[in-house]
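Colleague: Could you take a close look at the nonpolar core and describe which residues and elements build it?

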Amino acid sequence: MATEPAESALGVWKFRDVELREASGELKIKGRTVALERKPLAVLFCLVRAEGELVSKPDLFEAVWAGRIVTDGVLTQAIKRIREVLGDTDRSLLKTIHGIGFRLDATILCETEIPAEVSLELVPGAELPH
C-alpha cells in the first residue's frame, strides 16, 4: 500500500522498474528518462494514484479530457502508448476490464517530494511544515 503524499508535496510513484515524478512529469524506466506524451502520461498518473484499483473510463475521461468530447478510441490510443513505453506486450501490467476501465497490476509505492522552499529545521514547539 502506498503512502499518501502531503498536500503541498508531490509524489514520486514507483512500481517495478518505473518511476514517475509529479513535480516534473518525468517518467523513468530502469533509471532512464523516457518520453511519453502529455495525455498518456496523465492517464498513467491516474492509474498509479488508484494504487491497483480499477479506474473507470468515465473517470479517466473526466480527469484527462475534462470538458472535451472524445471517443473511446482516444483513450484506447493513450493506453496503447502507455503499454508500448512500459513494454507491457503481454498486458500483464496494465489490465483492461472490458467495457469498464483499466487497472495497473503492480505494487505501487509513493514517496513524497518536499519542495525546496520547505525548511526542515525543527524547533521545539513550532508547527511541523506541511
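Modeller: What follows goes through the core and then turns to two loop residues. This is a predicted model, in which local features need pLDDT of at least 70 and side-chain atom pairs count only at pLDDT 80 or more, while totals for chains, interfaces and linings use all residues. Residues are numbered from 1 along each chain as its sequence is written, and side-chain values use heavy atoms, with hydrogens and water left out.

A nonpolar core is here a set of buried Ala, Val, Leu, Ile, Met, Phe, Trp, Tyr and Cys residues joined through side-chain atoms within 4.5 Å, where buried means under 20% relative accessible area, exposed over 50%, and partly exposed in between (1.4 Å probe, protein chains only). The largest such core holds 32 residues, and those with the most contacts inside it are Phe-15, Leu-20, Leu-27, Val-43, Leu-44 and Val-48. Two or more residues come from each of several elements, including β1 (10–15), α1 (38–49) and α3 (72–86), with α1 giving the most, 7 residues; helices (H or I, at least four residues) and strands (E, at least two) are DSSP runs, numbered from the N terminus. Leaving aside residues up to four places away in sequence, Leu-44 touches Phe-15, Leu-20, Leu-27, Leu-36, Ile-82 and Leu-86, a contact being heavy atoms within 4.5 Å.

As for the loops, Lys-30, between β3 and β4 (32–34), has a positive phi near 55° although it is not a glycine, and Lys-30 is exposed at 66% relative accessible area. Glu-51, in the loop between α1 and β5 (55–56), likewise is a non-glycine residue with a positive phi, about 50°, and Glu-51 counts as partly exposed at 24%.
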